[in-house]
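Q: Please take a close look at one part of this model, the second largest cavity and what lines it, and add a word on the cysteines.

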Amino acid sequence: MGKGGGTPGSSPAVLPSLAAAATAHPLARASAQATSAHLGSCSVGTVGNRHLSFSSHRKLCMEVELVELPSVSTAGSAAQGPAKWPAKATEIARTVFSLTCHLAGALVSLPRQLLSACIFAVQKMALQKKRFLKVFLLLLPVALAGVYCGTSLPAWTMLAKGLREELPRVSAADLKTLRHSSALLAEQTQKVQLLLEEVAQLRAEIRSVKEAQKVNQAASEMALEVLVEMSDWALKSSGATIDAQRTSETYNCKENWGCRVLWFFRTANPPDTILQPDVSPGNCWPLQGHQGQVVIRLPARVHLTAVAVQHIAKEVSPSGTVISAPRDIAVFGVDADGEEETLLGTFTYDVAQELIQTFPLKNAPLPRAFSRIKLLVKSNWGNPAYTCIYRVQVHGKSKPESLD
């Protein structure tokens with residue numbers, strides 16, 4: 001073994017082959033010895049304290065071959081004389097040396113190749129194991145489902161068989177119950193429909209009743225308003241009186257002997273007769289002549305709206321005629337002091353119409369309230385001696401203050 005510290009498995013195997021070559025040919029003996037010596041030093045070892053690879057060993061051995069062969073030739077020539085190294089022996093030595101170097105490189109690279117093969121095999125096995133694990137995880141649920149279906153299928157089959165056997169019996173009973181329920185439902189639906197119709201009818205009736213109540217309320221309010229407006233403010237019982245100073249004289253029949261005899265047993269009615277509701281035949285106030293006036297004191301200041309005049313019918317008249325009834329009439333509102341008069345309207349009482357005739361006053365209700373009212377008779381229906389007034393009514397709304 002040389003000084004390079006080569007591997008023990010390379011040089012000992014090559015040395016016997018070199019020895020055999022040296023014994024076979026005398027000229028190659030010296031070359032074999034030199035090759036063996038240099039091969040031991042060119043085997044795997046260290047150069048400059050560094051380990052050399054196979055390619056470095058091969059390169060180094062080739063350099064040794066090129067350098068050392070002339071040295072061997074020189075030694076042989078020194079030992080044997082001026083004889084030269086044959087070319088064939090040199091070629092054989094080179095071939096043997098090349099094979100030896102290749103064999104040494106193969107032996108050196110063998111562990112590394114084995115290690116690479118092992119690493120590749122391990123990686124391949126790890127990859128195959130991972131794929132196997134994925135396939136296993138994919139197949140595991142399928143296998144579990146198959147096992148579950150396989151174990152549950154008999155139970156489901158028995159259950160389905162029992163249900164098929166039980167279904168006809170249950171279906172008949174359920175069908176009967178369903179028909180009964182359907183009939184009850186139809187009956188209840190019809191009842192509900194009738195109830196809805198009754199509710200709708202009741203709603204309509206309630207609506208009509210409400211509308212009727214509203215109409216009645218409006219009519220009541222209107223009637224109350226009319227009643228208030230048509231309240232008679234010329235009633236003696238309510239406090240109305242006659243202003244005698246501004247009222248015409250009562251009829252006096254002294255010129256007529258027959259009338260004087262009649263009035264001997266009965267006095268003439270005073271002017272306040274027209275303030276009383278009794279309108280029996282003959283119960284009137286006769287004013288002198290066919291023209292005259294009467295002034296009525298009202299119980300309160302009143303916004304006047306209408307005046308009504310009443311007479312009796314021709315059929316119940318004591319004289320058999322109604323020529324003493326007033327015809328053309330004018331109405332005035334009089335202030336408290338009696339100085340100022342306001343014309344409220346003129347109208348005509350028609351004996352051919354109703355017995356009680358109401359005459360609305362212009363601009364009624366008047367913005368002013370009056371405490372007195374004046375009724376001026378301009379003419380009657382043909383009696384020149386007297387004019388009979390049975391009843392006078394004054395309508396309006398009172399002002400919220402009383403007379404003194």
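A: A residue is called buried under 20% relative accessible area, exposed over 50%, and partly exposed in between (1.4 Å probe, protein chains only). The model is predicted, so local features need pLDDT of at least 70 and side-chain atom pairs count only at pLDDT 80 or more, while totals for chains, interfaces and linings use all residues. Residues are numbered from 1 along each chain as its sequence is written, and side-chain values use heavy atoms, without hydrogens and water.

With the cysteines first, Cys 388 is buried, at 8% relative accessibility, whereas Cys 118 is partly exposed, at 47%. Cys 388 is in no disulfide, and the nearest cysteine sulfur, that of Cys 284, lies 3.2 Å away. A disulfide is counted when two cysteine sulfur atoms are within 2.5 Å; the model has 0 disulfides by this rule.

Turning to the cavity, the term denotes a set of points on a 1 Å grid over the protein atoms alone where a 1.4 Å probe fits but cannot get out; lining residues have an atom within 4 Å of a point. There are 2 cavities of 30 Å³ or more, and the second largest holds about 30 Å³ of space; a volume is the space filled by probe spheres set on the points, which are joined across faces, edges and corners. Its lining consists of Ile 296, Val 307, Ile 373, Lys 374, Leu 375, Val 392 and Val 394. Strand 3 (292-310), strand 7 (370-377) and strand 9 (391-402) each give two or more residues to this lining, strands being DSSP runs (E, at least two residues) numbered from the N terminus. Strand 7 supplies the largest share, 3 residues.

Methods: 1 Å grid on protein atoms, 1.4 Å probe; cavity = no way out; pocket = protein on both sides within 12 Å on 5 of 7 lines; lining within 4 Å. Helix = DSSP H or I, 4+ residues; strand = E, 2+ residues; numbered from the N terminus.
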